[in-house]
Amino acid sequence: MELGLVGLGKMGGNMRERIRRAGHTVIGYDRNPDLADVHSLRELVDSLPAPRVVWVMVPAGAATQSTIDELGELLSIGDVVVDGGNSRWTDDEKHAEELAAKGIGFVDCGVSGGVWGLENGYALMYGGAKDHVTRVQPVFDALKPEGEFGAVHAGKVGAGHFAKMVHNGIEYAMMQAYAEGWELLEKVDSVTDVREVFRSWQEGTVIRSWLLDLAVNALDEDEHLERLKGFAQDSGEGRWTVEAAIDNAVPLPAITASLFARFASRQEDSPQMKMIAALRNQFGGHAVEKA
(Lines give C-alpha, C1' and ligand atoms only; values in the text may rest on other atoms or scores of the structure.)
Protein backbone atom coordinates (compact mmCIF):
# COMPACT_ATOMS: atom_id res chain seq x y z
CA MET A 1 0.00 0.00 0.00
CA GLU A 2 0.95 3.67 -0.12
CA LEU A 3 1.24 5.60 3.12
CA GLY A 4 1.84 9.21 4.08
CA LEU A 5 4.02 9.63 7.18
CA VAL A 6 4.27 12.95 9.00
CA GLY A 7 7.23 13.30 11.38
CA LEU A 8 10.55 11.66 10.52
CA GLY A 9 12.48 11.97 13.77
CA LYS A 10 14.15 9.10 15.66
CA MET A 11 10.99 6.98 15.67
CA GLY A 12 9.30 8.16 12.47
CA GLY A 13 12.42 7.91 10.32
CA ASN A 14 13.10 4.32 11.36
CA MET A 15 9.43 3.41 10.93
CA ARG A 16 9.54 4.75 7.36
CA GLU A 17 12.51 2.50 6.63
CA ARG A 18 10.93 -0.61 8.18
CA ILE A 19 7.68 -0.11 6.26
CA ARG A 20 9.62 0.35 3.01
CA ARG A 21 11.58 -2.83 3.68
CA ALA A 22 8.23 -4.66 3.82
CA GLY A 23 7.54 -3.54 0.24
CA HIS A 24 5.20 -0.61 0.82
CA THR A 25 5.55 2.94 -0.50
CA VAL A 26 6.04 5.64 2.14
CA ILE A 27 5.91 9.35 1.36
CA GLY A 28 7.33 11.24 4.31
CA TYR A 29 7.00 14.85 5.39
CA ASP A 30 9.01 16.58 8.11
CA ARG A 31 9.66 20.22 8.89
CA ASN A 32 13.34 19.42 8.37
CA PRO A 33 13.67 19.41 4.56
CA ASP A 34 16.76 17.18 4.77
CA LEU A 35 14.55 14.35 6.05
CA ALA A 36 11.46 14.92 3.91
CA ASP A 37 10.32 13.33 0.66
CA VAL A 38 7.88 16.20 0.10
CA HIS A 39 7.89 19.70 1.49
CA SER A 40 4.34 20.32 2.70
CA LEU A 41 1.33 18.43 3.96
CA ARG A 42 -0.55 19.48 0.84
CA GLU A 43 2.13 17.97 -1.37
CA LEU A 44 2.03 14.78 0.71
CA VAL A 45 -1.75 14.47 0.38
CA ASP A 46 -1.62 15.22 -3.34
CA SER A 47 1.02 12.50 -3.82
CA LEU A 48 -1.18 9.73 -2.37
CA PRO A 49 -3.91 7.89 -4.28
CA ALA A 50 -7.37 7.95 -2.69
CA PRO A 51 -8.51 6.61 -0.34
CA ARG A 52 -5.48 7.77 1.62
CA VAL A 53 -3.89 6.73 4.90
CA VAL A 54 -1.73 9.32 6.69
CA TRP A 55 0.23 8.33 9.80
CA VAL A 56 1.20 11.17 12.19
CA MET A 57 4.35 10.85 14.35
CA VAL A 58 4.78 14.28 15.95
CA PRO A 59 4.91 15.39 19.62
CA ALA A 60 1.69 15.13 21.60
CA GLY A 61 -0.40 18.21 22.26
CA ALA A 62 -0.28 21.33 20.12
CA ALA A 63 1.89 19.83 17.36
CA THR A 64 -0.46 16.88 16.90
CA GLN A 65 -3.54 19.07 17.07
CA SER A 66 -2.28 21.49 14.42
CA THR A 67 -1.25 18.62 12.12
CA ILE A 68 -4.64 16.94 12.41
CA ASP A 69 -6.40 20.26 11.90
CA GLU A 70 -4.48 20.82 8.66
CA LEU A 71 -5.01 17.25 7.45
CA GLY A 72 -8.72 17.66 8.15
CA GLU A 73 -8.79 20.45 5.57
CA LEU A 74 -6.72 18.57 3.00
CA LEU A 75 -8.04 15.00 3.14
CA SER A 76 -11.25 13.66 1.62
CA ILE A 77 -14.17 11.49 2.65
CA GLY A 78 -12.98 7.91 3.13
CA ASP A 79 -9.39 8.78 4.09
CA VAL A 80 -7.93 7.65 7.43
CA VAL A 81 -5.56 9.42 9.86
CA VAL A 82 -3.44 7.41 12.31
CA ASP A 83 -1.95 9.13 15.36
CA GLY A 84 1.10 7.07 16.33
CA GLY A 85 2.58 9.60 18.74
CA ASN A 86 2.18 9.67 22.51
CA SER A 87 -1.12 11.56 22.59
CA ARG A 88 -3.44 11.37 25.57
CA TRP A 89 -6.42 9.08 24.94
CA THR A 90 -8.88 11.89 25.63
CA ASP A 91 -7.33 13.84 22.73
CA ASP A 92 -7.97 10.82 20.49
CA GLU A 93 -11.69 10.99 21.17
CA LYS A 94 -11.68 14.69 20.27
CA HIS A 95 -9.67 14.14 17.08
CA ALA A 96 -11.86 11.25 15.97
CA GLU A 97 -15.00 13.35 16.42
CA GLU A 98 -13.53 16.31 14.52
CA LEU A 99 -12.43 14.14 11.59
CA ALA A 100 -15.62 12.06 11.54
CA ALA A 101 -17.59 15.25 10.91
CA LYS A 102 -15.67 15.48 7.60
CA GLY A 103 -16.03 11.79 6.74
CA ILE A 104 -12.42 10.99 7.67
CA GLY A 105 -11.56 7.95 9.79
CA PHE A 106 -9.22 7.98 12.78
CA VAL A 107 -7.08 5.32 14.46
CA ASP A 108 -4.89 5.88 17.51
CA CYS A 109 -1.78 3.72 17.89
CA GLY A 110 0.56 3.43 20.83
CA VAL A 111 4.03 2.52 19.56
CA SER A 112 6.82 0.99 21.66
CA GLY A 113 10.25 0.00 20.46
CA GLY A 114 12.41 3.10 20.54
CA VAL A 115 15.66 3.09 18.62
CA TRP A 116 15.62 -0.72 18.46
CA GLY A 117 12.36 -0.88 16.51
CA LEU A 118 13.88 -0.71 13.04
CA GLU A 119 15.50 -4.13 13.41
CA ASN A 120 13.36 -5.74 16.14
CA GLY A 121 9.94 -4.37 15.23
CA TYR A 122 7.55 -2.17 17.17
CA ALA A 123 4.96 -3.27 19.70
CA LEU A 124 1.67 -1.74 18.57
CA MET A 125 -1.55 -1.05 20.48
CA TYR A 126 -4.27 0.50 18.34
CA GLY A 127 -7.83 1.65 18.80
CA GLY A 128 -10.60 2.55 16.40
CA ALA A 129 -13.41 1.19 14.27
CA LYS A 130 -12.73 -2.20 12.67
CA ASP A 131 -13.03 -0.92 9.10
CA HIS A 132 -10.52 1.86 9.76
CA VAL A 133 -8.09 -0.54 11.44
CA THR A 134 -8.41 -2.95 8.50
CA ARG A 135 -7.33 -0.18 6.12
CA VAL A 136 -4.11 0.29 8.10
CA GLN A 137 -3.47 -3.42 8.83
CA PRO A 138 -0.73 -3.88 6.18
CA VAL A 139 1.30 -1.15 7.90
CA PHE A 140 0.71 -2.66 11.34
CA ASP A 141 1.91 -6.00 9.98
CA ALA A 142 5.03 -4.37 8.54
CA LEU A 143 5.93 -2.58 11.78
CA LYS A 144 5.23 -5.31 14.35
CA PRO A 145 7.87 -7.80 15.50
CA GLU A 146 8.04 -11.16 13.77
CA GLY A 147 5.90 -13.87 15.33
CA GLU A 148 2.45 -14.22 16.77
CA PHE A 149 2.50 -11.37 19.26
CA GLY A 150 3.48 -7.69 19.34
CA ALA A 151 0.31 -6.03 18.03
CA VAL A 152 -3.26 -5.73 19.31
CA HIS A 153 -6.51 -4.02 18.36
CA ALA A 154 -7.11 -2.85 21.91
CA GLY A 155 -10.62 -1.49 21.43
CA LYS A 156 -12.40 1.72 20.58
CA VAL A 157 -10.78 5.05 19.70
CA GLY A 158 -8.44 5.98 22.57
CA ALA A 159 -7.82 2.37 23.61
CA GLY A 160 -4.47 2.20 21.85
CA HIS A 161 -2.99 5.21 23.58
CA PHE A 162 -4.59 4.23 26.89
CA ALA A 163 -2.93 0.80 26.67
CA LYS A 164 0.42 2.42 25.75
CA MET A 165 0.02 4.84 28.68
CA VAL A 166 -0.43 1.95 31.12
CA HIS A 167 2.53 0.17 29.48
CA ASN A 168 4.69 3.23 30.17
CA GLY A 169 3.43 3.46 33.74
CA ILE A 170 4.53 -0.14 34.31
CA GLU A 171 7.84 0.73 32.66
CA TYR A 172 8.32 3.57 35.18
CA ALA A 173 7.86 1.17 38.11
CA MET A 174 10.13 -1.51 36.66
CA MET A 175 12.93 0.97 35.98
CA GLN A 176 12.58 2.38 39.50
CA ALA A 177 12.90 -1.10 41.02
CA TYR A 178 16.08 -1.82 39.04
CA ALA A 179 17.46 1.60 39.99
CA GLU A 180 16.78 1.14 43.71
CA GLY A 181 18.33 -2.33 43.71
CA TRP A 182 21.38 -1.05 41.86
CA GLU A 183 21.91 1.81 44.33
CA LEU A 184 21.67 -0.52 47.32
CA LEU A 185 24.16 -2.96 45.80
CA GLU A 186 26.55 -0.08 45.07
CA LYS A 187 26.22 1.17 48.64
CA VAL A 188 27.39 -1.89 50.56
CA ASP A 189 31.06 -2.88 50.90
CA SER A 190 30.46 -6.62 50.65
CA VAL A 191 29.33 -6.56 47.00
CA THR A 192 32.41 -5.86 44.92
CA ASP A 193 31.08 -6.26 41.35
CA VAL A 194 27.59 -4.85 40.98
CA ARG A 195 27.70 -4.92 37.20
CA GLU A 196 28.33 -8.68 37.15
CA VAL A 197 25.53 -9.23 39.66
CA PHE A 198 23.16 -7.50 37.24
CA ARG A 199 24.60 -9.57 34.37
CA SER A 200 24.07 -12.80 36.29
CA TRP A 201 20.35 -11.99 36.56
CA GLN A 202 19.96 -12.07 32.78
CA GLU A 203 19.55 -15.84 32.76
CA GLY A 204 17.33 -18.05 34.91
CA THR A 205 15.82 -15.41 37.21
CA VAL A 206 12.27 -14.15 37.47
CA ILE A 207 13.41 -10.52 37.05
CA ARG A 208 15.16 -11.02 33.71
CA SER A 209 13.83 -8.65 31.06
CA TRP A 210 14.82 -6.42 28.16
CA LEU A 211 15.13 -3.53 30.62
CA LEU A 212 17.62 -5.59 32.62
CA ASP A 213 19.57 -6.25 29.41
CA LEU A 214 19.64 -2.51 28.73
CA ALA A 215 20.79 -1.83 32.31
CA VAL A 216 23.74 -4.19 31.75
CA ASN A 217 24.50 -2.40 28.48
CA ALA A 218 24.57 0.92 30.36
CA LEU A 219 26.86 -0.48 33.06
CA ASP A 220 29.20 -1.87 30.40
CA GLU A 221 29.52 1.65 29.00
CA ASP A 222 29.91 3.36 32.41
CA GLU A 223 30.32 0.82 35.22
CA HIS A 224 29.28 3.08 38.09
CA LEU A 225 27.27 5.58 36.00
CA GLU A 226 29.70 8.26 37.08
CA ARG A 227 29.31 10.22 33.84
CA LEU A 228 25.58 10.73 34.36
CA LYS A 229 23.71 13.29 36.45
CA GLY A 230 20.94 11.92 38.65
CA PHE A 231 18.13 13.59 36.72
CA ALA A 232 15.27 11.85 34.92
CA GLN A 233 12.58 13.60 32.89
CA ASP A 234 9.04 12.28 32.53
CA SER A 235 7.29 12.35 29.17
CA GLY A 236 3.70 12.64 30.44
CA GLU A 237 2.35 9.10 30.28
CA GLY A 238 3.30 8.37 33.90
CA ARG A 239 1.30 11.37 35.09
CA TRP A 240 -1.65 10.43 32.91
CA THR A 241 -1.57 6.87 34.29
CA VAL A 242 -1.75 8.12 37.86
CA GLU A 243 -4.52 10.57 36.97
CA ALA A 244 -6.52 7.78 35.30
CA ALA A 245 -6.04 5.63 38.38
CA ILE A 246 -7.46 8.40 40.57
CA ASP A 247 -10.41 8.88 38.19
CA ASN A 248 -11.17 5.15 38.32
CA ALA A 249 -10.31 4.55 42.00
CA VAL A 250 -7.63 2.00 41.10
CA PRO A 251 -4.68 1.82 43.55
CA LEU A 252 -1.30 2.19 41.81
CA PRO A 253 1.22 2.60 44.65
CA ALA A 254 4.30 1.35 42.78
CA ILE A 255 3.71 3.37 39.60
CA THR A 256 2.80 6.49 41.59
CA ALA A 257 5.92 6.22 43.75
CA SER A 258 8.10 5.81 40.65
CA LEU A 259 6.65 8.98 39.14
CA PHE A 260 7.29 10.96 42.33
CA ALA A 261 10.85 9.61 42.39
CA ARG A 262 11.38 11.29 39.01
CA PHE A 263 10.26 14.59 40.53
CA ALA A 264 12.72 14.12 43.41
CA SER A 265 15.55 13.78 40.90
CA ARG A 266 15.07 17.40 39.89
CA GLN A 267 15.85 18.78 43.34
CA GLU A 268 19.49 19.28 44.15
CA ASP A 269 18.54 20.40 47.66
CA SER A 270 15.11 19.01 48.58
CA PRO A 271 12.88 21.53 50.41
CA GLN A 272 10.92 18.62 51.89
CA MET A 273 14.06 17.09 53.38
CA LYS A 274 14.87 20.44 54.96
CA MET A 275 11.58 20.29 56.86
CA ILE A 276 12.12 16.66 57.83
CA ALA A 277 15.62 17.47 59.11
CA ALA A 278 14.24 20.43 61.09
CA LEU A 279 11.47 18.32 62.65
CA ARG A 280 13.89 15.51 63.60
CA ASN A 281 16.10 18.13 65.24
CA GLN A 282 13.14 19.64 67.09
CA PHE A 283 11.63 16.48 68.55
CA GLY A 284 14.72 14.35 68.99
CA GLY A 285 17.70 16.66 68.95
CA HIS A 286 19.03 14.89 65.85
CA ALA A 287 21.93 16.60 64.15
CA VAL A 288 21.32 18.70 61.07
CA GLU A 289 23.70 19.67 58.28
CA LYS A 290 23.98 23.38 57.57
CA ALA A 291 23.79 24.73 54.05
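Modeller: Helices (H or I, at least four residues) and strands (E, at least two) are DSSP runs numbered from the N terminus. The model is predicted: local features need pLDDT of at least 70, side-chain atom pairs count only at pLDDT 80 or more, and totals for chains, interfaces and linings use all residues. Residues are numbered from 1 along each chain as its sequence is written, and side-chain values use heavy atoms, without hydrogens and water.

Biologist: Between which two elements does His24 lie?

Modeller: His24 belongs to a loop. The elements on either side of this loop are helix 1 (10-21) and strand 2 (25-29).

Biologist: Why does His24 count as buried?

Modeller: Buried means under 20% relative accessible area (1.4 Å probe, protein chains only). His24 counts as buried because its relative accessibility is 18%.

Biologist: Which backbone nitrogen does the side chain of His24 reach?

Modeller: Leaving aside residues up to four places away in sequence, His24 touches Ile19, Pro138, Ala142 and Met1 (heavy atoms within 4.5 Å). At 2.9 Å, the His24 side chain reaches the backbone nitrogen of Met1.

Biologist: Which element gives the most to the largest nonpolar core?

Modeller: Such a core is a set of buried Ala, Val, Leu, Ile, Met, Phe, Trp, Tyr and Cys residues joined through side-chain atoms within 4.5 Å. This one has 22 residues, and among those touching the most other members are Trp55, Val136, Phe140 and Leu143. Elements that each supply at least two residues include strand 1 (2-6), strand 5 (105-112) and helix 6 (130-143). With 5 residues, the element that gives the most is helix 6.

Biologist: How many residues are in the other core, which includes Leu48 and Ile68?

Modeller: This core lies apart from the largest one. Val58 and Leu71 are also among its members, and its residue count is 20.

Definitions and conventions: Buried < 20%, exposed > 50% of the residue type's maximum accessible area, 1.4 Å probe, protein only. Polar contact = N/O pair within 3.5 Å; in protein donor to acceptor, adjacent residues only side chain to side chain.
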